[in-house]
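Here are some short exercises to work through with the model open in your viewer. Try each task yourself before you read its solution.

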Amino acid sequence: MQKNEEYILDIVDVTAEGSGVGRADGMAVFVPLTTVGDRAKVKILKVKKSYAYGKLISLIKPSKSRIDNDCPVFNQCGGCVYRHISYYAEKAIKQNKVYENIKRIGGVDIKPQPIIADYPDRYRNKAQYPLDESGNAGFYAFHSHRIIPCEDCLLQPRIFAQITECVCDWARKNDISIYDETTHKGFLRHIYIRKAQVTNEIMVCLVINGDILPESDMLIDSLLKVDGNIKSVQININKKDTNVILGDICKTICGEDYITDVLCGVKIRLSPLSFYQVNHTMAEKLYDKAKEYANPKGKNIIDLYCGAGTIGLSMAKDAKSIIGVEIIPEAIEDAKYNAEINGIKNARFICADATDAAYQLVREGVTADTVIVDPPRKGVSAEVIKTIAHDFHPQTVVYVSCDSATLSRDIKIFGENGYRLKEYTPCDLFPRTAHVETVILLSRA
């Protein structure tokens with residue numbers, strides 16, 4: 001197989017990133033914008049030892065799952081990967097991927113519960129927009145930092161497009177320079193927007209390479225005319241030569257320092273640095289499933305990687321006690337405040353690494369009926385798993401995962417430490433993207 005050669009491929013599978021998979025000359029060929037059932041003419045772009053990457057040239061026979069794409073930048077933007085197939089087909093792909101990972105990596109052949117899903121568009125409550133050299137807001141192309149302008153992303157609320165247009169107009173009128181990642185020069189880095197689904201409160205935050213926002217009164221006046229629900233306008237200062245979006249310092253230039261939402265009946269305070277699930281409706285369904293698995297009534301619960309405490313606090317009224325652990329100080333402060341404003345007295349929060357906090361709690365003689373873990377993509381370390389299993393010794397572990405591959409690895413390690421997988425449910429918090437969450441119930445054998 002050589003670069004620039006063309007092949008006719010039958011697409012037989014889909015990767016975790018959403019690319020179709022065909023085979024030619026004994027090699028797997030990964031082809032974006034294709035799906036199972038397609039017969040496609042493909043041009044080879046890159047050849048590795050045992051696989052290759054291709055580009056779709058034309059469809060010879062389309063899959064029955066195909067639908068008309070409804071986004072003008074779908075084939076350029078790095079956000080969605082499934083706008084060319086039905087949502088029914090997308091859910092089936094995601095459910096099967098979780099099952100195959102748990103079976104192949106975790107070594108457990110248990111069928112999943114039906115995937116939990118909801119309406120696939122306009123679900124995001126947060127967006128971070130980079131700007132191109134012309135001052136247009138958009139998103140990064142797949143696996144790059146090349147900006148694709150986008151007037152109205154179908155995953156975001158419509159009001160976000162009006163807000164970004166307002167900010168971009170203000171920047172052009174006032175000759176505000178746009179930050180360039182290659183030269184590290186320029187002023188305006190990102191437009192960051194949050195919206196609370198229940199209260200409708202909106203936060204607008206400009207990420208800047210500076211200390212003071214010029215012509216801020218003009219911007220504030222314009223924004224408040226766009227939507228009266230804008231309750232907070234802030235700047236985030238990021239002067240570092242990095243592609244990390246947010247800096248450590250936020251300053252409020254209009255309104256409140258935070259907005260408030262309600263999740264699973266619990267008031268949640270949101271600052272620019274707060275962690276919060278971007279799909280409110282699906283987050284409630286995910287947390288309801290986690291609560292069902294935890295069965296918290298009268299139990300002592302330890303919530304590792306707790307973020308702003310949302311999962312634990314949603315169970316606090318039924319549980320005997322909640323102890324949340326998180327390494328990010330701002331998240332712990334949010335968790336404590338969220339407990340306070342909801343009158344929750346049986347929750348305690350510790351700012352520490354999960355391993356260190358586990359040792360601290362063991363020294364205190366703390367035990368748990370249930371341990372909840374909601375780790376980052378890298379999963380839970382073997383050391384923490386051993387501490388959970390042998391020191392806390394809970395009857396059940398509820399694991400919320402954003403990566404079914406690392407989840408499956410951890411299921412195997414939990415199995416080696418006396419816990420078996422009892423049930424699991426995929427949850428589609430990120431429709432049209434390649435991501436899928438999973439919540440599992442582990443029981444002490």
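Helix H9 is followed by Gly-418, whose phi is positive, near 95°. Before the exercises, a word on conventions: this is a predicted model, in which local features need pLDDT of at least 70, side-chain atom pairs count only at pLDDT 80 or more, and totals for chains, interfaces and linings use all residues. Residues are numbered from 1 along each chain as its sequence is written, and side-chain values use heavy atoms, with hydrogens and water left out.

**Exercise 1. Describe helix H9 and its surroundings.**

Step 1: Find the helix. H9 covers residues 404-416; helices (H or I, at least four residues) and strands (E, at least two) are DSSP runs, numbered from the N terminus.

Step 2: Check its span. The 13 residues reach 18 Å from first C-alpha to last, close to the 18 Å expected at 1.5 Å a residue, where the expected span is 1.5 Å times one less than the number of residues.

Step 3: Look at burial (buried means under 20% relative accessible area, exposed over 50%, partly exposed in between, with a 1.4 Å probe and protein chains only). Among the buried residues of H9 are Leu-407, Ile-411 and Phe-414.

Step 4: See what they pack against. The partners of H9's buried residues are H1, H8, S20, S21 and S22, with contact meaning heavy atoms within 4.5 Å.

Step 5: Inspect the start. There, a side-chain oxygen of Asp-403 comes to within 2.8 Å of the backbone nitrogen of Ala-405.

**Exercise 2. Trace the network of salt bridges that includes Glu-90.**

Step 1: Set the criterion. A salt bridge is a side-chain nitrogen of Lys or Arg within 4 Å of a carboxyl oxygen of Asp or Glu, and the structure holds 20 of them.

Step 2: Take one pair. Glu-90 meets Arg-432 in a salt bridge at 2.8 Å, N to O. Glu-90 lies in helix H1 and Arg-432 in the loop between S21 and S22, so this pair ties together parts 342 residues apart in sequence. Both Glu-90 and Arg-432 are buried.

Step 3: Take another. Asp-428 and Lys-94 form a salt bridge, with their closest N and O atoms 2.8 Å apart. Asp-428 sits in the loop between S21 and S22 and Lys-94 in helix H1, 334 residues apart.

Step 4: Assign burial. Asp-428 has a relative accessible area of 0%, so it is buried; Lys-94 counts as buried because its relative accessibility is 2%.

Step 5: Join the pieces. Glu-90, Lys-94, Asp-428 and Arg-432 are linked in a network of salt bridges.

Conventions:
Polar contact = N/O pair within 3.5 Å; in protein donor to acceptor, adjacent residues only side chain to side chain.
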